[in-house]
Every structure is written in C-alpha cells, then in structure tokens.
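The following exercises concern charged side chains in a protein model. Please work through each task before reading its solution.

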Amino acid sequence: MQREKKIKAKQHLHIQDCWFSTQKGFKIINELGSSGTPFLFIISYDKKKIFAQPLEELDDDIFYKLEGWRNYPVQKREEDFTFSLSPIDFTIYKTSLEAILEEIRSGNTYLLNLTFATPIETNLSLKEIFTYARAKFKLYFKGEFICFSPERFVEIEGNTIATYPMKGTIDADLPSAKAQILSNEKEMAEHVMIVDLMRNDLGIIGSDVKVEKFRYVDKIKAGNKELLQVSSKITAKLPSNWHEQIGTLLDKITPAGSITGTPKKSTISIIDNVENYDRGFYTGIFGVFDGKSLRSGVMIRFIEEKGGKMLYKSGGGITIDSDTKSEYEELIDKIYLPF
C-alpha cells in the first residue's frame, strides 16, 4: 500500500515546471511527505513561489547542502578572485531606518529586519561562488541565485522540531568580542524578542515548547574576517504523522521570524512599505525531507543574478535602540564571500 502511494505521488509530480503557487505548493509538499518521498523544497519570502521536486528527479542544475546532506562534490578554490560592492547611499538607508523607528514609537512593531540589495562585481560565476563558499546551508538554483547561509530554520528528527533563531553579530577580532555581544542591551532585547516569537510559532504547530539553549555563540568565516553570531535553540513536539502535513506546518511558521520581526503580521506590512525592492527568494527558506527527517535553512547571505549583474541582499534587525551608523555598517559587513 505504501509503495503504491509513493508511485502514485511520483507519477502525479513528474512535470517540467515544479514552481507552484502558495496553495498548490504546500499541497504538493504534503503529498510528497505523505508518500515518504525524499524531496527538495524552496519557499520564497512571500510564499508566492514554491518549488518542490523529488530528489531522484532533481534537475541537474540545482545543488544543495544542509550540513552533512549534499548533492555535489567538495572543490577547493585555487585561484585569486576579485570582489567589490556599491552600497546603498547612507542617506537613503537613514531615511528608511527613521521610518521604522517612527513605526516602533507608534507601537506597530518592536523589531523589524530591514534589508537592501547591493550591486556587486566579481570575476567568479554564481556556480563558482557556491562551490567554494564555506557554509552550513547552501543552495544553487539554475544560475539564478545562490545562498550560503549560517542559519538553520527548522529541523525535525523523530517527532521533535527544533528552530535556531540567529540574532546578534560582531567582528570576532574586536577586543572581548564575545563578552561585548552578550552584554549589549540592544542585542539582548532583539534576541529575546525573536526567541519569544519563535516560541509562539512552534506553539502553533506543536506542544511542550522549550528553549533548550539561550544565546550561544558560533564563529563563522566572513571573507577576510571572522564573525561571532548569537543563536538560541527552541524545540517542540509534533504529532506522529507530521510527515503527512509538512507543507501545512511550514505554511504556518513562515516567513521565518528572524528575518521579519515582531509582531510578525504588522511588521511584514511595514517591510512591504519601507523596503525599496522585492526580496524574492532572499529570506525565504529551503530544505530537504529525506523520507524520515527534515532539515532546512534560512536563505540569507544571498546573491542573485539578472541580466549579467549580481545583487547581494543583506540586512539586520532594527529596534528602538538602534544606532543608524552601526546598523548601516552591519548591512555592509554581511556582504562578503566566505572563502
């Protein structure tokens, strides 16, 4: 019976175009999970475009890495490369940030992740950047975009779902960098708000929600420098048939709280009004279900290519205590190639 169900799902899904609208996309994800079919999924920030395709039928110009899960060989970079960027003008950034601060003062948001698209130039192709990049979560999609993200979204093992919101970044070379980031009141407030939001999100789909680790620090490579990033781990219990409703579960907890803000609904509305571009797949999520477990990442550290030009999308969380110059510098610090 299970084998027949799996074959039926594969026959239904063997189509050329695997992009789906919101409702159709999450339905397809449910069907793949129900049949136990290993598959890759990609969900845009606004959830209007969803990709889902069985791994054994995966197009040969899509590559992924989710920690130890990957479908391409490791290759080291042997030649030098060029890389330059043209950041948004500070006055434009300041105008947007001040508009957000006014929304915060009005009580419409408490934390908002403000992002921009920055033109970059490099002698490397998207495929080369993807191949050489060091990151826990990587995706290359058909020469259109890549991400090399340090941030998990959710993982499911057994009946336990875990999420790892990441908020707080500092240059690892600064004196007492770890102590600085952990004692910074603005960073603490921002992190607490995101942890609270993600606890609530997991509570929508699960039970027995717990913050298992609060504000632990990881070191990541950021071009010529290293960054410290602060994360927490939150878990919840799911029903034993969770694999039959993967699409439904993902729909309820996306977009990721760490790249929107809180409260989520009103903050998303403000983002739509304040940001000067379309996020597209940037800050969406991607992941793999292997038939038993699920891993996913948030699509940050993101580059897309259009008309031969590359755009690097980056941002950071804004609170009432945000300093405009510091936030602008953080936006730029996150534009790097992790070689």
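Three exercises on this predicted model follow, each with a worked solution.

**Exercise 1.** Determine whether Asp 80 is buried or exposed, and describe its setting.

Solution. Begin with the secondary structure: Asp 80 belongs to the loop that runs between β5 (69-70) and β6 (83-85). Next, take the relative accessible area, which is 71% for Asp 80. Because exposed means over 50%, Asp 80 is exposed. Finally, consider the charges: Asp 80 gathers with Glu 78, Glu 79 and Glu 128 in a surface patch of negative charge.

**Exercise 2.** Identify the salt-bridge partner of Glu 190 in helix α6, and place the pair in its network.

Solution. Side chains of opposite charge can pair when their charged atoms come close. The partner is Lys 186, with 2.8 Å between the closest N and O atoms. Glu 190 and Lys 186 are 4 residues apart in helix α6 (residues 185-205), so about one helical turn separates them. Both residues are buried. Lys 167 and Glu 327 join Lys 186 and Glu 190 in a network of salt bridges.

**Exercise 3.** Establish which parts of the chain are tied together by the salt bridge between Lys 264 and Asp 201.

Solution. First, the contact: the side chains of Lys 264 and Asp 201 meet at 2.8 Å, N to O. Since Lys 264 lies in helix α8 (residues 264-274) and Asp 201 in helix α6, the pair ties together parts that are 63 residues apart in sequence. Then apply the cut-off for buried residues, under 20% relative accessible area. Lys 264, at 13%, is buried, and Asp 201, at 6%, is buried as well.

Definitions and conventions: Residues numbered from 1 in each chain as written. Predicted model: local features only at pLDDT ≥ 70, side-chain atom pairs only at ≥ 80, totals over all residues. Heavy atoms only, no water. Patch = residues over 30% accessible without salt bridge, like charges linked within 9 Å, V, L, I, M, F, W, Y side chains within 5 Å. Areas by Shrake-Rupley, 256 points an atom, 1.4 Å probe, with all protein chains shown as cover. Salt bridge = Lys/Arg side-chain N within 4 Å of Asp/Glu carboxyl O. Lys, Arg positive; Asp, Glu negative; His and termini not counted. Charge placed at Lys NZ, Arg CZ, Asp CG, Glu CD. Helix = DSSP H or I, 4+ residues; strand = E, 2+ residues; numbered from the N terminus. Buried < 20%, exposed > 50% of the residue type's maximum accessible area, 1.4 Å probe, protein only.
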